[in-house]
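Here are some friendly notes to read alongside the coordinates. I hope the points below are handy as you look around.

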2 protein chains.
Amino acid sequence: MELDERKKIILHAVIRNYLETGEPVGSRTISKYTDLNLSSATIRNEMADLEEMGYILQPHTSAGRIPSDKGYRFYVDMLMAEKEKEVEEMKEVLVQRQDKMETLLKHVARALAQNTQYATMISAPQSRRNKLKFIQLSRVDAQQILAVIVSEGNVIKNNILHVKEDLNDETLLKLNILLNTNLNGLAIDEINLGLITLMKQQAGIHSDIVSEVIDAVAEAIHAEEDLEVYTSGTNNIFRYPELADHKKASELINAFEEKQLLGEILQGDGESTGIQVYIGAESPVQSMKDCSVVTATYELGDGMKGTIGIVGPKRMDYDKVVRTLRRLQTQLDDLYKNENQN
Amino acid sequence: MELDERKKIILHAVIRNYLETGEPVGSRTISKYTDLNLSSATIRNEMADLEEMGYILQPHTSAGRIPSDKGYRFYVDMLMAEKEKEVEEMKEVLVQRQDKMETLLKHVARALAQNTQYATMISAPQSRRNKLKFIQLSRVDAQQILAVIVSEGNVIKNNILHVKEDLNDETLLKLNILLNTNLNGLAIDEINLGLITLMKQQAGIHSDIVSEVIDAVAEAIHAEEDLEVYTSGTNNIFRYPELADHKKASELINAFEEKQLLGEILQGDGESTGIQVYIGAESPVQSMKDCSVVTATYELGDGMKGTIGIVGPKRMDYDKVVRTLRRLQTQLDDLYKNENQN
DNA sequence: TGTTAGCACTCGATGTGGTTGAGTGCTAAC
DNA sequence: GTTAGCACTCAACCACATCGAGTGCTAACA
């Protein structure tokens, strides 16, 4: 059976109504809600069809209908296809200057949570092909060397290295030159064993320091392992009775605490730059099977990518969420540029 | 009226029993539970006294008794007075090497949450009189200078400074020497306006860079503003029906998300190095009025102080919690030392 | 053939009344 | 001072009735 125009309208009405009330929707409501001028009995027939086709379902025999995952999917696909007509104002003032990427992301997560009343998460931007920009070794005291590693996108890492024999200024300078000339501008997969061996040879008796620095470099660039995720508005899930049940809430909150779980959603396939909607069981995270998750990948000017996500009930206001995220996608890049100019 | 020995035993029995079961305790239970050999009727008389004195209360007329805040307070004070007899093994292996203070603290929070089954929080160590150890400016590219500031306790801060005119290597070296000779070993309140003016004079046309570095130094040392707090086991609160109620849970989870709220507890008065127990309304945080909070201040060898906290139901196992925290107080310092040796 | 009115039916939600049992306070006796 | 006994209270539980929103089906209608 095909979804004819009238069925689409009815399905749409059922979903919209359910999104608003959170209660199962009956045939009489629909018959008044739409301007189809059909009696509840006719609606009932259509709804029976829709149920058979799997778009809606009944929680129990004598209740109204609620959208199934498939129904939500229909609705969301329809939404995404629609042209973006209006651009709503985001009320928060995000333009105040931030001194760090970290605080910026935290603020975005919080503003988004307040604006949407859902739980939000945002992953720090990462670049697969992050390049080394600058390395500096300096002596902190007799036994300690500080290694500072700057990579593109200004990701900075410090490591304190402990050395046994004292290094004089001259040696340190040589090592600095050695490291910078050899490694500058390279991405992680360009630093191969040959290069490392070569550098160790050149470093002579100080080859162990080179090793340690290389390790630190690897760690600084190879960022996948410790994906930074910032979350906010976790307690918003209590706004939605269908999620506030002890077991579900506990699982969800746990997921928000164990950030690497969120990573599975936020890292996604990496390719798509668009907006993804996971409805119920579509989510890669098991504990979110009763929620919907909307994610948007943002990209900063210099090729760094990150993801913003919103977690809410299946009956979330997809329309608004998608619009807000779309807007944020472009805004984040601007914000970041502003920040780096001051 | 005074608390005679028998009343103490009965009160103790009521509390212990309630801690285990979470249910109101009746007179008959107590009469069997203790080895006082008293009938339930006698216990009832004593319990009526205890209630009048405010140590226990009845949820409703025909229910058993539960401890009041005052009752818990009595119990905890008694516990704290007791000599520490046994030292229980902590099962987690915390000794694995950590590469950062941050991850160490996160792991401690998590291990503690798993061990106790309560929600935990830990604040990063801070020192009021943190001293500067080392400052280094280096050129990243034509327009950008990287300022690295190392203070005692190896708190490291990076700032990227943007400059208009190009700085040659010589000038940079001069600035480095200027900054280090003037600021090395100073605490924040020793850097006064006179010193700053002097340095700016010496820096000549590059005085604006000195200003920026000083700002960064202030930020690096003056850490109170952005107290770092790590939490874990938030979802443990669902284990306790008396906290799992929607409203309370939502408020609690919110408090755990808004870390600065936790700061009010964790920063405490700063003087006491011991273990603090806040029962119900004693807590400085309003939303924790239905919980108990136990905090312990830890001190690292170099004078840095932080606080560990555990949040649970009023009927938490104070005995175990206090013992675990006491143990952790000493362990953290050892762990930190180990970490810095590798 | 599509639409509608009508009706019997289902079933969760809500309310009511009775019972149970743990626990209490009080009193009188030991 | 302690205890046995008794009347009393009250949350919890269960059984039962009621209500009403909503359904599916059928027959009639345009």
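1. Let's start with the two protein copies in this predicted model. A turn of 180 degrees, with a shift of 0.1 Å along the axis, lays chain A on chain B with an RMSD of 0.2 Å. The copies are thus related as by a two-fold rotation axis. Both copies use the same surface, since 100% of the contact residues of chain A recur in chain B.

2. Next, have a look at the helix packing inside chain B. The axes of helix 1 (residues 5-21) of chain B and helix 3 (residues 40-52) of chain B come within 10 Å and cross at roughly 90 degrees. Angles of 65 to 115 degrees count as roughly perpendicular, and these two helices of chain B are therefore roughly perpendicular to each other.

3. Which residues make that contact? Helix 1 of chain B brings R6(B), K7(B), I10(B) and L11(B), while helix 3 of chain B brings I43(B), E46(B), M47(B), D49(B) and L50(B). By class, this contact has five nonpolar, no polar and four charged residues.

4. Now to the DNA. There are 20 residues around DNA strand C, and T42(A), T61(A), S62(A), G26(B) and S27(B) come nearest. Two or more residues of the surface near the strand are given by each of helix 3 (40-52) of chain A, helix 2 (27-33) of chain B and helix 3 of chain B.

5. Which element gives the most to the surface near DNA strand C? That is helix 3 of chain B, with four residues. By class, the surface near DNA strand C has six nonpolar, 11 polar and three charged residues.

Definitions and conventions. Residues are numbered from 1 along each chain as its sequence is written. Chains are lettered from A and ligands numbered from 1 in the order in which they are written. This is a predicted model: local features need pLDDT of at least 70, side-chain atom pairs count only at pLDDT 80 or more; totals for chains, interfaces and linings use all residues. Axes are lines fitted to C-alpha atoms, for helices over the stretch in contact, and angles run from 0 to 180 degrees between N-to-C directions. Angles under 35 degrees count as roughly parallel, over 145 as roughly antiparallel, 65 to 115 as roughly perpendicular and the rest as oblique. Two residues are in contact if their C-beta atoms, placed from the backbone, lie within 7 Å. Ala, Val, Leu, Ile, Met, Phe, Trp, Tyr, Cys and Pro count as nonpolar, Asp, Glu, Lys and Arg as charged, and the others, Gly among them, as polar. A residue is near a molecule or strand if its C-beta atom, placed from the backbone, lies within 6 Å of it. Copies are superposed by least squares on the C-alpha atoms of residues with pLDDT of at least 70 in both.
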